[in-house]
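Please open the model in your viewer and keep the sequence panel beside it, since this tour moves from one selection to the next. At each stop, pick out the residues named and look at how their side chains are placed.

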Amino acid sequence: MHSVGICGSDVHYWQHGRIGDFVVKDPMVLGHEASGTVVKVGSGVTHLKPGDRVAIEPGVPREMDEFCKTGRYNLSPTIFFCATPPDNGNLCRYYKHSASYCYKLPDNVTFEEGALIEPLSVGIHACKRAGVTLGSKVFVSGSGPIGLVNVLVAKMMGAAAVVITDLSASRLQKAKEMGADFTIQVKNETPQEVASKVESLLGCMPEITVECTGVQACIQAGIYATRSGGTLVLVGLGPDMVTVPIVNAAVREVDIRGIFRYCNTWPVAIALLASKRINVKPLVTHRFPLEKALEAFKTTKRGEGVKVMLKCDPSDHNP
């Protein structure tokens, strides 16, 4: 293994031992945003060889069920997924993974970029589900790593204007640097007031809202903000039960869509990174060697910077 990013879900398992129905019952290796170098392959592997640099897709179907047959393997209930109990992750020196879900990196794509394909994939899947296209007006709620990759992908897919909200001024500044057209620092506004600010900045209500926080008030703002006939995609996960103005959404034909991780995104992401159509490098704000993993997790928990990256290969000095 070379580079492994720390995700909010890693911190949540570390601190709370569960996310929804996924409960940590035994010691578990964390990490699912990863890249590395192949050291050994199975006898049936023909597309990879020792020395190849690869990005690792953490979700691997265990069976060819109805979801796999229709290309939506992320929805398979028996899927293996790194660092989701009881499956171990890849924040370690050496790791074994299905070769079909290891993707060779071009020479001009770094290990760190390879690891960042995982969060980038969430943005690709969300923006595809949202139907972002040429000229779209988009509202992104939350300026953490997932909000930021949605800004990147929405702009790349042709969005004419993207507005993003957050509590943190520094995160909104990072969003500006990464292509957001407008930012709103939320203080104590009501969801309706946030929606009104979004409309004011865009000059119209957005056709698409991508909600990346899971916070009840943000979901409410997302519904109020979205144009009639538009789409709200729920990316962030919060409490099991939230109170939302569902009648407002229903009578205005606002489609509410969920996303669960991603599927079929690694080849797309690699092509975008190799062609330099998208730049994820500014996401990484902190770097630690594997020996300082605890310090890295504490940094993420404090909300410092954006993406914290761990380097697992002490002999390699390349990013």
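Is R287 buried or exposed? At 52% relative accessibility, R287 counts as exposed, where buried means under 20% relative accessible area, exposed means over 50%, and partly exposed is what lies in between, with a 1.4 Å probe and protein chains only.

Before going further, note that this is a predicted model, in which local features need pLDDT of at least 70 and side-chain atom pairs count only at pLDDT 80 or more, while totals for chains, interfaces and linings use all residues. Residues are numbered from 1 along each chain as its sequence is written, and side-chain values use heavy atoms, with hydrogens and water left out.

**Stop one: the annotated region**

Select residues 8-310, which UniProt lists, in an unreviewed entry, as "domain: Enoyl reductase (ER)"; the positions are given in the numbering used here, feature names are shortened, and such annotations may be inferred rather than shown by experiment. Over these residues the chain is 33% helix and 19% strand, and the C-alpha atoms at the two ends are 14 Å apart. Helices (H or I, at least four residues) and strands (E, at least two) are DSSP runs, numbered from the N terminus.

**Stop two: salt bridges**

Side chains of opposite charge can pair when their charged atoms come close. A search of the whole structure finds 11 salt bridges, each being a side-chain nitrogen of Lys or Arg within 4 Å of a carboxyl oxygen of Asp or Glu.

Return to R287 and add E112 to the selection, as their side chains meet in a salt bridge with 2.7 Å from N to O. This pair links distant parts of the chain, with E112 in helix α3 (residues 111-130) and R287 in strand β15 (residues 284-289), 175 residues apart. E112 is buried, with a relative accessible area of 10%, whereas R287 is exposed.

Next select K155 and D181, which form a salt bridge whose closest N and O atoms are 2.8 Å apart. K155 lies in helix α4 (residues 145-156) and D181 in the loop between α5 (169-177) and β11 (182-185), so the pair ties together parts that are 26 residues apart in sequence. K155 counts as partly exposed at 27% relative accessibility, and D181 counts as partly exposed at 26%.

Then move to E189 and K197, whose side chains meet in a salt bridge of 2.8 Å, N to O; here K197 is partly exposed, at 37% relative accessibility. To end this stop, select K49, D52 and K104, which are joined into one network by salt bridges that share partners.

**Stop three: aromatic rings**

A pair of aromatic rings is described by the distance of the centres and the angle of the planes. The structure holds five aromatic pairs, where rings of Phe, Tyr and Trp (its six-membered ring) pair if their centres lie within 6.5 Å, and planes under 30 degrees apart count as stacked, over 60 as edge-to-face and the rest as tilted.

Select Y73 and Y101, an edge-to-face pair with 5.9 Å from centre to centre and 70° between the planes. Y73 lies in the loop between α2 (66-69) and β7 (80-81), and Y101 in the loop between β7 and β8 (102-104), so the pair ties together parts that are 28 residues apart in sequence. Both Y73 and Y101 are buried.

Now select Y262 and W266, which are also edge-to-face, at 5.2 Å centre to centre and 65° between the planes. Y262 is buried at 3% relative accessibility, and W266 is buried at 0%. Add F81 and Y103 to the selection, and you have the four residues of one aromatic cluster.

Which residue lies over the face of F81? It is R261, at 3.6 Å from the ring centre; a charge sits over a ring if NZ of Lys or CZ of Arg is within 6 Å of the ring centre and within 35 degrees of the ring normal. Elsewhere, R53 lies over the face of F111, at 4.6 Å from the ring centre.

**Stop four: the backbone**

Select P85 and P86, which are joined by a cis peptide bond with omega of about 5°; P86 is found in the loop between β7 and β8.

Finish at E253 and then N264. Phi of E253 is near 55°, a positive value in a residue other than glycine, and E253 sits in the loop between α8 (246-251) and β14 (255-258), where it counts as exposed at 59% relative accessibility. N264 likewise has a positive phi, near 55°, in the loop between β14 and α9 (266-274), and N264 counts as partly exposed at 43%.
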